[in-house]
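Reader: I would like a close look at a single part of this model, taken slowly, with the neighbouring parts brought in where they help. Please choose one sheet and stay with it.

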Amino acid sequence: MKYKIFKILILCLFITNKSFAVVSVDITRGNLDPLPIAISDFYLDSKLSDNIKKLQLESKISELIKNNLSKSGLFFSLEKKSFIQLPEVAHNKPRFEDWAFIKAQVLVTGKISLEKEGGRLRVEFKLWDVVSATELSALAFYTAPENWRRISHMISDKIYERLTGEKGYFDSRIIYVSETGPKVDRKKRLAVMDQDGYGVKYLTLGNELVLTPRFSPTNQHVTYMSYFKNLPRVYLLNIETGLQDLVGDFPGMTFAPRFSPDGKKIIMSFAQEGNSDIYTMDIKTRVVERLTDHPSIDTSPSYSPEGSYICFNSDRSGTQQIYTMRSDGTNVKRISFGEGLYGTPVWSPRGDLIAFTKLYKNKFYIGVMRSDGSGERLLTENFYQEAPSWSPNGRVLIFYRETPSDNSGRGASAKLWSIDLTGYNERLIQTPTDASDPSWSGLLSSK
Amino acid sequence: MQKSLRTSFIAHFIIILISSLSLPFLMGKVQAPLVISVDLVQIGDKTNIPYAPKVSDGEKTDKKIKERVVTEQAPPKIVPKEKPDAVPMPDNIKQIKELLEKRQNPVKVEDLTKQTSEFEKKEIFDPNKISALIDKSKKDTAEANNKTSAEATQSQQKNVITSKLTITQEDAIKAQIFKCWNIPIGLPYNENLTVRIKIKLNPDGSLISSEILDQGSRSAKSGQNSYKVLAESALRAVKLCNPLKVPSTGYEKWKEMQLNFDAKEMLKG
């Protein structure tokens, strides 16, 4: 009897244990190759008027999306010539075998039609997972036909977000300093353009020198430094209305301004008698607060995305290094300890990294480090480059790079460049003039 | 009398219940060191060895499989000789010596020279017997080692044999999926984000089905978006890798697999 029970007991053990015995394999590595994506031309509704048809939006939109995604370095856009299915058929129900055949893993299709009432354009897109033969997302946007670029950027963002897991950055703008004329008489104007370099608009006339423009997180305002009447001061500019305003009434030079993440304060440096410290000013109440009080030069402050910390650079240790502190000015900590000089720290919108410019052995580097100073990584090296600014999703940095001039002081040029966090995807951003001091806005559509 | 019988029944039942629920965990603990001490030696020496008992199980049902495996087994015949030498514990060397002697009869030097000769049929049976003997000797030693729970170790050993892929097999499967998996680069690397996918395979390695294991429990939590993106990329990887190149033997072991996709390491770097 006992033996029998014992046997049953053993049997129980055996059965329960057996059910645990599925082979389990950990997949901790994969490839980071660009994802093969097919972006089909959009399909034009036949009811559209000839005027709209003439715009050829069906191919322009898909081309712009293709451009955006390819430039991110995360997607490999397949040649349209290889597509087997027509846009119309593909949009309604793609034959996934046809797309798998050309090695596409995801497919974008779309349709352009007229809104039932109101006459606006309706642009609809669908994102398909070719491998799993499912629809990943589908959205429709309404707009005036002139706004097709904006719509294309928004669609690109949606695709990017759906496939990478992080927000996109295509529906955003960049403000920079446009430079024209010879080096001795350089004309510097504020300019703003779409993230892809399209639609440049000049915001100032170029009578005064302007430097370090920074976008507000609310996108309506820009803060920058201007030598108005030869007094270097921080100004606030409303892009929409063109109104300019002096920030604070300081008895000296203010520079290196930046917005707080909530857009309510401006943080900047104020220099007096050879010493500069960091101040904030509330835009509405004009209340000024001093954060650092040190005989050394403290400058280039930048808030962390949640606003509780600030990174800045200071030469209090003898050389220029990066420091962090709480947003009330306490708990100052040095975080950069490498060889060379560190400057222009900028906190990533993701919060994990701080980008900086580094000068070491007469070379300029753009690099990133974690907010505790660990994991320093230099992304690019050049003769002269500085002022990195983060894309809204914290994946790409934009900065400017100058080429050396010849002996007579000619031939020097400044251009905007972007590089992603891998350090491999470096791109020149076309601007009609020389350009410096770029600053990336937040996502326009999230406002 | 009846009353005591009843209480005895109830008491027994409770013990069975408790032990059936709790003992698997105990066994899990016991299992770990054994897997290392016994199995690693085998894998290191010859990966073929652990299959042998498996094949002898299947022997009854499928003659074709038997023949195929036997031809595979033919060359490494010296191995069984070495094997037991490594295993025996001082307690029962005698028993093992006896076993060794028994085994030595079929595995004579003459046989070795004849390997590919006309006596193949005779040879066919020998290796399996040997492996069966090895299996017994293994069990014997195991029993001797753990006198307290002799039965448990036995069943456990069977499980070890049926549920583990060898390291090389596992690596081969991993390497294939590594190539197919396009990591969504924007996922947060500071969160614990793992997707478990269960796949069922045909003997030729083609995919029967794939399903996400913990979708239900996850969907309510925050970070749902990144989870969805990760899960979809994992499913794509599995489908892109279809059919998987699988080991030619041991279908029972890998006909069902659980793949744990975790991009943390890659995204951190």
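Author: What follows is a walk through one sheet of chain A and the parts that meet it.

The model is a predicted one, and the part chosen is an open sheet of four strands in chain A, whose order is β27-β28-β29-β30 and whose pairing is antiparallel. Strands of a sheet pair through backbone hydrogen bonds, in either a parallel or an antiparallel sense. In chain A, β27 (384–390) and β30 (426–429) stand at the edges with a single partner strand each, so one side of each has no neighbour in the sheet. From one strand to the next, the twist averages 30 degrees.

At the β30 edge, the partner is β29 (residues 414–420) of chain A, and the two strands pair in the antiparallel sense over four bridges; here A:S418 stands opposite A:R427 in β30(A).

A:S418 also leads to the nonpolar core, since it is a useful point to follow: A:L397 touches A:S418 and A:I419, along with A:A355, A:I366, A:P388, A:S389 and A:W390, leaving aside residues up to four places away in sequence. A:L397 is, with A:I354 and A:A355, among the residues that touch the most other members of the largest nonpolar core, which has 66 residues. A second, separate core of 63 residues includes A:L44 as well as B:I197, B:A231 and B:M257.

Strand β30 of chain A has a further role in the packing, as it is among the elements that cover the buried residues of α3(A), together with others including β2 (35–39) and α6 (148–164). Those buried residues include A:L57, A:I61, A:L64 and A:L69.

Definitions and conventions. Residues are numbered from 1 along each chain as its sequence is written. Chains are lettered from A and ligands numbered from 1 in the order in which they are written. This is a predicted model: local features need pLDDT of at least 70, side-chain atom pairs count only at pLDDT 80 or more; totals for chains, interfaces and linings use all residues. Two strands pair if DSSP finds at least two bridges between them. Axes are lines fitted to C-alpha atoms, for helices over the stretch in contact, and angles run from 0 to 180 degrees between N-to-C directions. A nonpolar core is a set of buried Ala, Val, Leu, Ile, Met, Phe, Trp, Tyr and Cys residues joined through C-beta atoms within 7 Å. A residue is buried if 20 or more other C-beta atoms lie within 10 Å of its own, exposed if 12 or fewer, and partly exposed in between; C-beta atoms are placed from the backbone. Two residues are in contact if their C-beta atoms, placed from the backbone, lie within 7 Å.
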